[in-house]
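Here's a quick briefing to read alongside the structure. Have the viewer open as you go.

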Amino acid sequence: MQKRRLSFWEIWTMTFGFLGIQMGFALQNANASRILQVFGAEVEHLSWFWIVAPVTGLIVQPIIGYYSDRTWTKLGRRRPFFLTGGILAAIGLILMPNADLFTAIMPSLWVGAGMLMIMDASFNVAMEPFRALVADNLPSDQRTLGFSIQTVLIGIGAVVGSWLPYVLTNWFGLTNRAAEGEVPLNLLLSFILGAVVLIVSILITVFTTKEYSPEELERFHAQEDKPGDVIPDEEKSKITDIFTDFVKMPQTMRQLSWVQFFSWFGLFGMWVFATPAIAHHIYGLPLSDSSSAAYQNAGDWVGILFGVYNAVSAVFAFFLPVIAKKVGRKKTHIIALIIGGAGLLSIYIMPNENWVILSMVGIGIAWASILAMPYAILAGAIPPRKMGVYMGIFNFFIVIPQIVNALIGGPMVKYFYGGDPIYALMMSGVAFIIAAVLTLRIHDVDEEVAPTKTN
C-alpha cells in the first residue's frame, strides 16, 4: 500500500490555509515595530518587546508537535491544531492595533506587546502542524513540490498582507495619519481584514482536505521505517519523551539546526529593525521620529518592500523543484542564501527607497528557499512516526536565534552601531552568508538514497 499521489490542486487546497497565516504574519512583521513605536517604544528596546513571542514558541511548538502526532478527532490529526492556532492569531490581529482601548487596565504599549506574543505563538501553533500535514499526506517524491506550493501560498498571502496598508491609503483614500499615540486607520483596517482572511483560508483547508486514518498511517510507517528506527510504544509514551527525542535527533537535523539558526537570526533582525532603518538611512529622518507624516510614509513603504520580497519568493518557489532536481537541494539552498545575504548588504548603498526594491528581490529568493528546502530535506531524515514532534523540535532552531537576536540586537544597535539600526540589517546579511557556508555540511538522506526523486 502506497500513499496516493495528489494532484496539483489537491496539494494547493491542502496548504491553502498558509495563505491566511502568512498574510497575518506579514502584517505583524511589517508593522509590529511601527505600532510599538507609536505606543512609545524606543528603537533600542524593540527587540526586547519581540522576545516574548519566540520564547512562547520555544515552549509551545514541541508540545503541539507531540500531541498532534497522537491526536485523532472528527477533524483529523493535524487540522484541530492549525484551526485553533488560526483563531487565536486572528484575535491577536484584531486587538494589537487597538491596544490603546485597554489603557484603563495597563499601558497600551504593554497590551500591544502582549498581543504580539499571542499572535506569534498562535502562528507557530498553526504553522508546524501544516508542515507535518504535507509530510503525512504526500509520498516522499512529492514533498519538495508540496513545500514549494506551500511557499507560493506563503508568498501570495505575505504580499497581500504587506501591501494592504499602502493600498488602503493610496488606492482607497484611507488616512495613514493619526494623533500621537494612536494607530492610523489604514493599519487598523488592515489587521481586521487579515484576521478575516486567516480564518476563511484555514477553513478551506479544514473542509477540503482529508487525513489518513491511524491504521493507514501505521501501514505507511511500516513501509517507511528505516533500519535502526525505534518503534515508539504509544501506551508508554509521555510528554517528557520530547527531551529524549531532542537528544537523539538525526544527524541531518543537527546539521540543519545551524543553518536555521543563522537564517532566522538574520530574518528576525530584518523584521525588527527594517522600519527604523529605512526611515533613518533612506528617508533621512531622525531616530526620534515615530509619528510624523514622513515616518508613516516610510512605514507604508516598508510594507511595500516586504511585499516585494514575498512576491519574489512566491514566483521563485515555482522554480525550486526544477532547480533542486538539476543541482540538488543543498546547492539550491546555498545559492539562494548567498543571494539573500547580498540583498541585505546592498541596502546600505541604495540611493533612495525605490532602489531598495532591488535588494528585496535577493531577499525574496532566500526567503523562498528558507521556507521550503530545509523542510524538504528534514522530512526525509526523521522517523515518520514522529513527524509532528520532530517538526516541533525543529522549531527550536527558528525561535532560539530570534531569542538571541532579541536579547542582543537592541544593545548592539545602541552600543556598537551608534544607535543606527541600518547596521542590524548588515548583520542580517552576514548571518545569511554564514548559513550558506554551513549548508555545505548537510547530509541529505533522500538525495543520496534516490537522487532523482526531488520534485
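What follows covers a helix pair and two residues picked out for a closer look. Keep in mind that this is a predicted model. The helix pair is α2 and α7, whose axes come within 7 Å; the two residues are L138, in a loop, and S122, in helix α6.

**The α2/α7 pair**
- Helix α2 spans residues 17-38, and its axis crosses that of α7 at roughly 45°.
- That angle makes α2 oblique to α7.
- As for handedness, α2 and α7 cross in a right-handed way.
- On the α2 side, the contact residues are F18, L19, Q22, M23, A26, L27 and N31.
- On the α7 side, they meet Q150, L153, I154, I156, G157, A158, V160, G161, S162, L164 and P165.
- Sorted by type, the residues of this α2–α7 contact come out as 12 nonpolar and 6 polar, with no charged ones.

**L138, in the loop**
- You'll find L138 between α6 (108-137) and α7 (143-170).
- L138 has a relative accessible area of 0%, so it is buried.
- Setting aside residues up to four places away in sequence, L138 touches K3, L6, I11, M14, R143 and G146.
- L138 and R5 sit 133 residues apart in sequence, yet their C-alpha atoms are 6.7 Å apart in space.

**S122, in α6**
- S122 counts as buried because its relative accessibility is 5%, and the cut-off for buried is under 20%.
- Beyond its neighbours within four places in sequence, S122 is in contact with G85, L88 and A89.

Terms used. Residues numbered from 1 in each chain as written. Predicted model: local features only at pLDDT ≥ 70, side-chain atom pairs only at ≥ 80, totals over all residues. Heavy atoms only, no water. Helix = DSSP H or I, 4+ residues; strand = E, 2+ residues; numbered from the N terminus. Buried < 20%, exposed > 50% of the residue type's maximum accessible area, 1.4 Å probe, protein only. Contact = heavy atoms within 4.5 Å. Axes fitted to C-alpha atoms, helices over the stretch in contact; angles between N-to-C directions. Parallel < 35°, antiparallel > 145°, perpendicular 65-115°, else oblique. Left-handed = near helix turned anticlockwise from the far one by under 90°. Nonpolar A, V, L, I, M, F, W, Y, C, P; charged D, E, K, R; others polar.
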